[in-house]
Amino acid sequence: MLQHVIDRIREEGAIPFEVFMELALYHPDGGYFMGERLRSVQGGDFLTSPEVSPLFGETLAELVMREAAEAGLSRPMVVDAGAGSGSLLRPLLAVLGERADPWAVEVSPPARRALAELVGTQRVVESLEGLPQRIAGVIFANELLDNLPMALARRRAGLWRELWVDESGDGLGWAETPARPEVEEWLGRFAGPTPEGGMVECQLAAAGWVGAALDRLAAGALVLFDYGDTAQGLEGRRPEGTLRTYRAHHLGPDPLSEPGRTDITADLNFTAVAEAARATGATVSLHRQDDLLEELGLAERIGGLRAQEAELARSGDELRRLEIRSLRIGAETLLHPRGLGDFRVLIARRKI
């Protein structure tokens, strides 16, 4: 992948960071998400809420039923965008059964094969464009928008300078250039106070994705789970920015050092995403993950698991007790206030 990037630079000159990120993550020949290896698994590079506990998907079945009732839908479409191998859809559909019409959006070839076994080949597509033009139901996107290509900018003497990627020695390096008008406009609206030398990730593609998803949503809700915060909440992270990489469940190297071999991500600016949703006419609410899952019944479910665990301990069924204990611990992890529970959830609703 490094050579692909260098060849592109030799053709065009220095490239914007979002172009580099698109190549590094999604190039069909060597992109991080495009190989034969599943990334969001125990033996991969990171785990998201659906892999941590099947109760994430089971709990969201309650959200689907509520949204369907509100919209008057007897069999809502349920779309999982960035569906991975189906870790969210599988338990969700185990609860909903034939009451839902499931679809999956996924770029990874091995993940699409796994999803085809779950929902059928015709309902697995590579992008939003492959979905029906009018969707009535719920579109989920769990930790998807943080991986969409983004521009980078630093504050220099009261002005914005973009960080582009150029050839440097045997590898890649940074090149500063005046910010493009669309980047400067986004930063002016959503970056907030940024100190000298501070870095901000300009997430135009995330806003575009939200607009495109809601343009297809005739009735129901778009539900986004991700790490990040409002623009105001991110102000404390502006001096260094939030761009980072992951490998083998740990922070990885500099994003330019090994393109195609690490996840590249940044905290999502939920103020910008909410504004993009409202621009389509949707109504928007923002939640913490722990608060939303508790309101949907997960805390009660955990209480039931604790009681079941205690009963099994009294009965001497140690194997079953350990199974229930593992399920309880995974569910509690979803609510941890300094971990997954601190993720944000944006719900954008549209009515017919």
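These exercises, each with a worked solution, concern a predicted model.

**Exercise 1. Overall form**

Task: Which radius of gyration does the protein have, and what would a compact globule with 352 residues have?

Solution.
- Start with the inventory. The protein contains twelve helices and 17 strands.
- Take the extents next. The C-alpha trace spans about 65 × 45 × 40 Å along its principal axes.
- Now compare. A compact globule with 352 residues would have a radius of gyration near 20 Å. The protein has 21 Å, which agrees.
- Add burial. Of the 352 residues, 53% are buried.
- Then take the surface. The accessible area comes to about 15,300 Å², and carbon and sulfur atoms hold 50% of it.
- Finish with contact range. Consider contacts between residues at least 6 apart in sequence: 71% of these join residues at least 24 apart.

**Exercise 2. The nonpolar cores**

Task: Find the residues that touch the most other members of the largest nonpolar core, and say which helix gives the most to this core.

Solution.
- The largest nonpolar core has 40 residues. Leu60, Val78, Leu92, Phe140, Val223, Phe225 and Leu298 touch the most other members.
- Helix H4 (residues 55-71) gives the most to this core, namely six residues.
- A second core is separate. It has 31 residues, including Leu131, Val210, Leu217 and Ala348.
- Put this in context: in soluble globular proteins, nonpolar side chains tend to be buried together.

**Exercise 3. Leucine 60 and leucine 298**

Task: Is leucine 60 buried or exposed, and which residues does leucine 60 contact beyond its neighbours within four places in sequence?

Solution.
- Locate leucine 60: helix H4 holds it.
- Check burial. The relative accessible area of leucine 60 is 0%, so leucine 60 is buried.
- List the contacts beyond four places in sequence. Leucine 60 meets Leu88, Leu92, Phe140, Phe225, Leu293 and Leu296.
- Look at the sequence separation. Leucine 292 is 232 residues from leucine 60 in sequence, yet their C-alpha atoms are 9.6 Å apart.
- Repeat for leucine 298. Not counting residues up to four places away, leucine 298 touches Leu55, Thr59, Leu293, Ala331, Leu334 and Leu335.

**Exercise 4. Helix H5 and its cover**

Task: Name the buried residues of helix H5 (residues 89-96) and find what covers them.

Solution.
- The buried residues of H5 are Leu89, Pro91, Leu92, Leu93 and Leu96.
- Their cover includes H4, strand S2 (77-81), strand S3 (101-105), helix H6 (109-119) and strand S5 (135-142).
- Now pass the helix end. Glycine 97 follows H5, and its phi is positive, near 60 degrees.

**Exercise 5. Aromatic pairs**

Task: How many aromatic pairs does a search of the whole structure find? Classify the pair of phenylalanine 17 and tryptophan 174.

Solution.
- The search finds seven aromatic pairs.
- Take phenylalanine 17 and tryptophan 174. Their ring centres are 5.7 Å apart and their planes are at 35 degrees, so the pair is tilted.
- Place the partners. Phenylalanine 17 lies in helix H2 (residues 17-26) and tryptophan 174 in strand S8, so the pair ties together parts 157 residues apart in sequence.
- Check each for burial. Phenylalanine 17 is buried at 0% relative accessibility, whereas tryptophan 174 is partly exposed at 38%.
- Contrast a stacked pair. Tyrosine 26 and phenylalanine 33 are 5.7 Å centre to centre, with 20 degrees between the planes.
- Here tyrosine 26 is buried at 17%, and phenylalanine 33 is buried at 13%.
- Extend to a cluster. Ring pairs link Phe17, Phe20 and Trp174.

**Exercise 6. A three-stranded sheet**

Task: In what order do the three strands of the open sheet with S12 lie, and which are the edge strands?

Solution.
- The order is S13-S12-S14, with antiparallel pairing.
- Strand S13 (250-251) and strand S14 (263-265) are the edges, since each pairs on one side only.
- Examine one pairing. Strand S12 (residues 244-247) meets S13 over two bridges, in the antiparallel sense.
- Find a partner. Tyrosine 246 is bridged to leucine 251 in S13.

**Exercise 7. Arginine 180**

Task: Where is arginine 180 found, and is arginine 180 buried or exposed?

Solution.
- Arginine 180 sits in the loop between strand S8 (171-178) and helix H7 (181-190).
- Its relative accessible area is 18%. Buried means under 20%, so arginine 180 is buried.
- Outside four places in sequence, arginine 180 contacts Pro16, Glu18, Ala151, Glu162 and Trp164.

Notes. Residues numbered from 1 in each chain as written. Predicted model: local features only at pLDDT ≥ 70, side-chain atom pairs only at ≥ 80, totals over all residues. Heavy atoms only, no water. Helix = DSSP H or I, 4+ residues; strand = E, 2+ residues; numbered from the N terminus. Buried < 20%, exposed > 50% of the residue type's maximum accessible area, 1.4 Å probe, protein only. Contact = heavy atoms within 4.5 Å. Pairing = 2+ DSSP bridges. Core = buried A, V, L, I, M, F, W, Y, C linked by side-chain atoms within 4.5 Å. Phe/Tyr/Trp six-rings, centres within 6.5 Å; stacked < 30°, edge-to-face > 60°. Rg over C-alpha atoms; globule rule 2.2 N^0.38 Å. Areas by Shrake-Rupley, 256 points an atom, 1.4 Å probe, with all protein chains shown as cover.
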